[in-house]
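The exercises below are meant for a reader who is meeting this structure now. Please work through each task before turning to its solution.

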Amino acid sequence: MRKLKLALICLTAMIFAGCTVTDRTDGYSSDSGHSDLESIGSDISSSEYQTYPEDNSFSSDNSSESSEQKAPEIPETIENIEPEYVAWMREEKVHEIRIEIDDKEWQAIRTHPYSGDYHPADVYIDGELVENIGLRTRGHASLYMAVEAGTRYPFKIKFDKYVNGQNFLGLDELALNNGGDDYSFMRDLIGYEAFELIGGYSSCVTFFNVYLNGELKGFYVGVEAIDTSYLERHFNSHKHNLYEGESGASLEKGMPLSNFTQKKGSDTSMEDIKRLIGALDETPLGEKGEIEKYLDVDSVLKMFAVNAVIDNRDGYCGLFAHNYYFYSSGGKLVMLPWDMNAPSVSAYTDIAAPAVNVYNELTWDIRPLVKKLMAVDEYYTAYLDYCRQLTEELPGLKDKVLRVYEMIRPHVENDRNKFCSTDTFNYQYSEINPSGVVTFLTHRYSYLAKRLKQLE
């Protein structure tokens with residue numbers, strides 16, 4: 001009903017204004033690019049990035065694909081009132097989850113931990129019971145560590161697995177990370193908070209003490225999974241194609257489509273992925289071609305900026321070209337971040353371009369999104385603008401990290417099953433630790449503030 005009312009209002013306004021109703025394609029206005037990118041090879045070092053001139057003509061192109069009169073399209077991104085779980089997860093508080101599962105079901109998980117099969121269980125979240133949820137293991141390295149240790153498995157809780165429409169405060173799926181990849185328990189928060197600060201598509205993050213059949217399993221990081229409630233919150237829709245980029249989802253020509261796992265959508269042809277791969281391959285360097293027709297470019301530029309600023313090399317630009325999703329919205333694929341808990345490598349990694357790190361070699365050619373988008377002046381300028389915007393926010397982000405650290409510290413210290421010592425955890429927040437989160441944020445801000453001025 002809400003969409004119908006909005007459609008009538010939009011159509012009435014257009015009639016009174018004497019407008020012709022046409023399709024509208026938003027994009028970037030300049031097609032000029034950097035032909036010198038063709039000379040950049042796989043031997044780029046982190047201190048020798050190619051730099052590019054700035055173009056301030058970043059604007060919208062209101063051209064239409066057809067002169068035929070068409071009915072107005074209702075945008076999927078209508079602003080909604082945020083569901084209850086958003087404020088609940090963003091509250092600076094350590095919550096409690098108590099999982100109650102039948103012994104046989106738990107034994108089945110332990111016997112086949114890598115199966116990914118769901119098992120029925122009940123959960124109490126801050127004392128509130130949600131019955132008959134789906135519970136399974138998740139993760140890769142963190143799951144392997146848990147299997148080897150025989151404890152603190154990383155989990156996914158799907159509230160509506162067995163009961164259609166069931167949720168917790170509007171949330172339908174929750175990931176529980178066990179700290180195996182991140183001894184600070186803070187990098188998911190840093191990564192998703194960075195997307196939030198520049199208006200990107202972010203997951204909510206919170207913290208839990210997790211009990212299973214009465215036994216404290218440990219301190220966990222809770223992340224809003226990319227499922228129905230997430231999509232409804234960001235796009236006011238969840239029924240279109242949703243793909244998870246698995247290992248090797250590089251978008252290169254000839255890439256196996258099986259490197260994407262389709263999570264939602266009735267159209268299983270993957271034509272939208274094929275069209276994007278084709279557009280990237282066929283577009284000459286420095287031109288836009290039909291890329292904007294199939295891709296929400298802005299979402300990709302924000303992804304590049306966040307990962308570059310926080311030096312996260314475990315995404316599309318990393319060795320495995322994974323840890324992202326595509327959702328089809330308005331006929332375009334929107335890039336969504338996932339798994340932001342990889343440790344930062346260096347506070348001094350150059351930001352001139354989001355180069356790809358493969359076996360410690362920085363290169364362009366193997367990631368078409370990087371190569372083709374960064375060769376267009378406007379895209380490159382927008383990327384640097386997002387980097388500047390986020391860099392300015394790093395001091396405030398550091399303050400939040402220190403505040404949250406004080407909140408979670410006693411809970412982590414009380415966790416006897418964690419994969420690191422208490423001293424190692426606390427060392428992550430020491431100013432003298434060159435690889436710790438506090439030192440990284442401090443030095444990263446100082447370095448990038450100077451570097452970005454050089455790139456103006």
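**Exercise 1.** Is Trp 338 buried or exposed?

*Solution.* The structure is a predicted model, and the values used here are computed from it. The cut-off to apply is that a residue counts as buried under 20% relative accessible area. Trp 338 has a relative accessible area of 5%, and therefore Trp 338 is buried.

**Exercise 2.** Determine what kind of aromatic pair Tyr 325 and Trp 338 form, and which parts of the chain the pair ties together.

*Solution.* Begin with the geometry: the ring centres of Tyr 325 and Trp 338 are 6.3 Å apart, and their planes stand at 90 degrees to each other. Ring centres must lie within 6.5 Å for a pair, and planes over 60 degrees apart count as edge-to-face, so the pair of Tyr 325 and Trp 338 is edge-to-face. Next, place the two residues: Tyr 325 lies in strand β10, while Trp 338 lies in the loop between β11 and β12 (356-358), so the pair ties together parts that are 13 residues apart in sequence. Finally, Tyr 325 has a relative accessibility of 3% and therefore counts as buried.

**Exercise 3.** Describe the pair formed by Tyr 316 and Tyr 324, and state whether these residues are buried or exposed.

*Solution.* The count of aromatic pairs comes to 21. One of them joins Tyr 316 and Tyr 324 edge-to-face, with 5.8 Å from centre to centre and 80 degrees between the planes. As for accessibility, both Tyr 316 and Tyr 324 are buried.

**Exercise 4.** In what order do the strands of the open sheet that contains β10 lie, and which strands are at its edges?

*Solution.* The open sheet has 4 strands in the order β9-β8-β10-β11, and their pairing is antiparallel. The edge strands, each of which pairs on one side only, are β9 (260-264) and β11 (332-337). From one strand to the next, the twist averages 30 degrees. Looking at one pairing in detail, β8 (residues 242-245) runs antiparallel to β9 and is joined to it over 4 bridges; there, Tyr 243 has Gln 262 in β9 as its bridge partner. To finish the picture, helix α9 (residues 297-309) lies across β10 (324-329) and β11, and runs at about 20 degrees to β11.

**Exercise 5.** Over which rings do the charged ends of Arg 98 and Arg 152 sit?

*Solution.* Take each arginine in turn: the charged end of Arg 98 sits over the ring of Tyr 211, 3.9 Å from its centre, and that of Arg 152 sits over the ring of Tyr 220, 5.3 Å from its centre.

Conventions. Residues are numbered from 1 along each chain as its sequence is written. This is a predicted model: local features need pLDDT of at least 70, side-chain atom pairs count only at pLDDT 80 or more; totals for chains, interfaces and linings use all residues. Side-chain values use heavy atoms; hydrogens and water are left out. Two strands pair if DSSP finds at least two bridges between them. Axes are lines fitted to C-alpha atoms, for helices over the stretch in contact, and angles run from 0 to 180 degrees between N-to-C directions. Contact means heavy atoms within 4.5 Å. Rings of Phe, Tyr and Trp (its six-membered ring) pair if their centres lie within 6.5 Å; planes under 30 degrees apart count as stacked, over 60 as edge-to-face and the rest as tilted. Buried means under 20% relative accessible area, exposed over 50%, partly exposed in between (1.4 Å probe, protein chains only). A charge sits over a ring if NZ of Lys or CZ of Arg is within 6 Å of the ring centre and within 35 degrees of the ring normal.
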